Amino acid sequence: MKFGQVEDPSKIDFTLPKDHPKTKEILSQNKKGLENISIGCAKWNKTDLKGFYPKGTKDELTYYATQFNSIELNATFYGMPTPEQVQTWKEKTPADFKFFPKITNTVSHFRRLINIDDVVTQFASAVLNFDEKLGMVFLQLHDNFKPKDYDRLEKFVKDWPKEVPLAIELRNTEWFTDEEIFNTTCELFEANNITNIIVDTAGRRDMLHMRLTTPNAFIRYVGANAESDYERLDDWMKHLTKWKEQGLQNIYFFVHQNIEKASPLLSAYFIKKMNDEWKTDILIPQMATENTGTLF
């Protein structure tokens, strides 16, 4: 993932901002405690995750699903999934595996939320075939989709089929720099049970808003292929611990890298830290090097 890439990560202040005042209130509404932790990468193909797969791996998804409990499914952004394709993916993964498919770019980038009922219906009908393995669908809006088109976003949110859990990623800086717009948008998400995605990447610190609109934390973490990547994950662990104490219900944490082959390494580090501190028992991924073994 090249989004937010910078030439010199050492010049970036990676400090996590303070929570928005509303976040604690949102978390306090959950009385069920922490229910699900999904940690994964954004891809499963062998070319990007070089060194992750054992020699002779015949099916990448099948193997990936032995190492991770979830995937941020970007393939569905580039092409409309069919029910048959969804069923195939589903059958290749264990019972507790979760898919987080990105809504096709026909909706977000080509039609820009206009006249999309047919595409949304087709997409939702397809991904519902994941059944219990559907984690959450997410919409990633174009960088140049601005608050001037708020009415389109509002209609999309209100028309979205409620049986399909949804998260939204806003990318244009105007959504975050105008406090009134940001608050209005978050209130729209709250009223319709839409999760506000948090993006942590070097070149777009404005997107790191720390404003939850549901008791779910959907975090897209982009490393910079630098030592600071691990310190940043330490900070996220501290922050998530606080949110867990305040009522966090679900964590969806997906690790990206500018050079993606490092994503499993960062994921393994993060999972081990969570297991140590929270006494969870999430499988730690392995790298299929000559000396096969866990990364940490």
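These are my short notebook entries on a predicted model of one protein chain.

**Entry one: overall build.** I began with the secondary structure and found 11 helices and 11 strands in the protein chain. Next I looked up the extent of the C-alpha trace, which spans about 55 × 45 × 40 Å along its principal axes. I then checked the radius of gyration: the protein chain has 18 Å, and this agrees with the value near 19 Å for a compact globule, because the chain has 296 residues.

**Entry two: inside and surface.** I noted that 54% of the 296 residues count as buried. Among contacts with a separation of 6 or more, 76% come from residues 24 or more positions apart. For the surface, I wrote down an exposed area of about 13,300 Å², with 49% of it supplied by carbon and sulfur atoms. I also looked up the charges: the mean positions of the 38 positive and 43 negative ones are 2 Å apart.

**Entry three: backbone angles.** Most residues other than glycine have a negative phi. With that in mind, I stopped at asparagine 193, where phi is positive at about 55 degrees. Asparagine 193 sits in the loop between α9 (179–191) and β6 (195–196). Methionine 210 also caught my eye, with a positive phi of about 55 degrees although it is not a glycine. I placed methionine 210 in the loop between β7 (198–200) and β8 (216–223).

Is asparagine 193 buried or exposed? I found asparagine 193 exposed, because its relative accessible area is 56%, over the 50% cut-off. Methionine 210 counts as buried, because its relative accessibility is 0%, under the 20% limit.

How values were computed: Residues numbered from 1 in each chain as written. Predicted model: local features only at pLDDT ≥ 70, side-chain atom pairs only at ≥ 80, totals over all residues. Heavy atoms only, no water. Helix = DSSP H or I, 4+ residues; strand = E, 2+ residues; numbered from the N terminus. Rg over C-alpha atoms; globule rule 2.2 N^0.38 Å. Buried < 20%, exposed > 50% of the residue type's maximum accessible area, 1.4 Å probe, protein only. Contact = heavy atoms within 4.5 Å. Areas by Shrake-Rupley, 256 points an atom, 1.4 Å probe, with all protein chains shown as cover. Lys, Arg positive; Asp, Glu negative; His and termini not counted. Charge placed at Lys NZ, Arg CZ, Asp CG, Glu CD.
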